[in-house]
Amino acid sequence: MTMDAAVHDTDRAARLDRLHASRLYVCTDSRSAQGDLPEFLDAAYAGGVDIIQLRDKGLEARAEIEALEVLREAAHRHGKLFSVNDRADVALLVGADVFHIGQGDLTSEQARTVLGPDVILGRSTHSIEQAHTAEADPEIDYFCLGPVWETPTKPGRAAIGVEPLRALATTAAKPWFAIGGISAGERQAEVQATGAQRIVVVRAVTAADDPAAAATELKQAL
């Protein structure tokens, strides 16, 4: 094994260990309206968030890279993972831990060609059939299933309900996350009652007056 290969194996192994230990995943925009991205990221990670993805369709590439550099520094400071959405070129430039793709984005093989073997690859799925396809894809490391409930972050996307989560919980070997309209309390409990062990949230943390406390409440229930 070459030195470069050994470094790659170590990097991927460390990221996979963190992925498998992850329970709480947050997606956020660049917080340009609030002007508090560094403070928000530190609060969310300190509150127990394991992975944060920057998802801001309104950003041009240069501004996205600048925001992701802030996210990368926060993630590494807290020993957590950070994720890039959709843009493989941007993910490569910032050295993303995680690259997340939707159903209509790059194939997993295309993403690997651009990003190499170390990055963690995730895929959005919206049905049991898509989840099974992601599970069978050797390049995909984790996937998300949802939206469980309709959510304004994905307008027009029909909710799938909790039953697909129940079916998946008995069969999935890879890490997977329930996503869509999940919040602390009754909805989180309903999701976890299916056997789901990991969740992705947006507004439950990003819209909270105290992001650290909101993350802590979600994480403690997990």
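How many positive and how many negative side chains does the protein chain have, and how far apart do the centres of the two sets lie? In this predicted model, the protein chain carries 22 positive side chains and 33 negative ones, and the centres of these two sets are 2 Å apart.

From the charges one can turn to the overall build of the chain. The protein chain contains 10 helices and 8 strands. Its radius of gyration is 16 Å, close to the 17 Å that the globule rule gives for 222 residues, so the chain is as compact as a globular protein of that length. Taken along the principal axes, the box filled by the C-alpha atoms of the protein chain is roughly 50 × 40 × 30 Å. Of the contacts in the protein chain with a separation of 6 or more, 56% are made by residues that stand 24 or more positions apart.

The next step leads from the outside to the inside. The protein chain has an accessible surface of about 10200 Å², and carbon and sulfur atoms account for 51% of that surface, while 47% of the 222 residues count as buried.

In soluble globular proteins, nonpolar side chains tend to be buried together. Here the largest nonpolar core has 50 residues, and those with the most contacts inside this core are Phe82, Val84, Phe99 and Val191. Helix α3, which spans residues 61–78, supplies the largest share of this core, with 6 residues. A second core, separate from the one just described, has 12 residues, among them Tyr25, Ile51, Leu81 and Val98.

How values were computed:
Residues numbered from 1 in each chain as written. Predicted model: local features only at pLDDT ≥ 70, side-chain atom pairs only at ≥ 80, totals over all residues. Heavy atoms only, no water. Core = buried A, V, L, I, M, F, W, Y, C linked by side-chain atoms within 4.5 Å. Buried < 20%, exposed > 50% of the residue type's maximum accessible area, 1.4 Å probe, protein only. Helix = DSSP H or I, 4+ residues; strand = E, 2+ residues; numbered from the N terminus. Rg over C-alpha atoms; globule rule 2.2 N^0.38 Å. Contact = heavy atoms within 4.5 Å. Areas by Shrake-Rupley, 256 points an atom, 1.4 Å probe, with all protein chains shown as cover. Lys, Arg positive; Asp, Glu negative; His and termini not counted. Charge placed at Lys NZ, Arg CZ, Asp CG, Glu CD.
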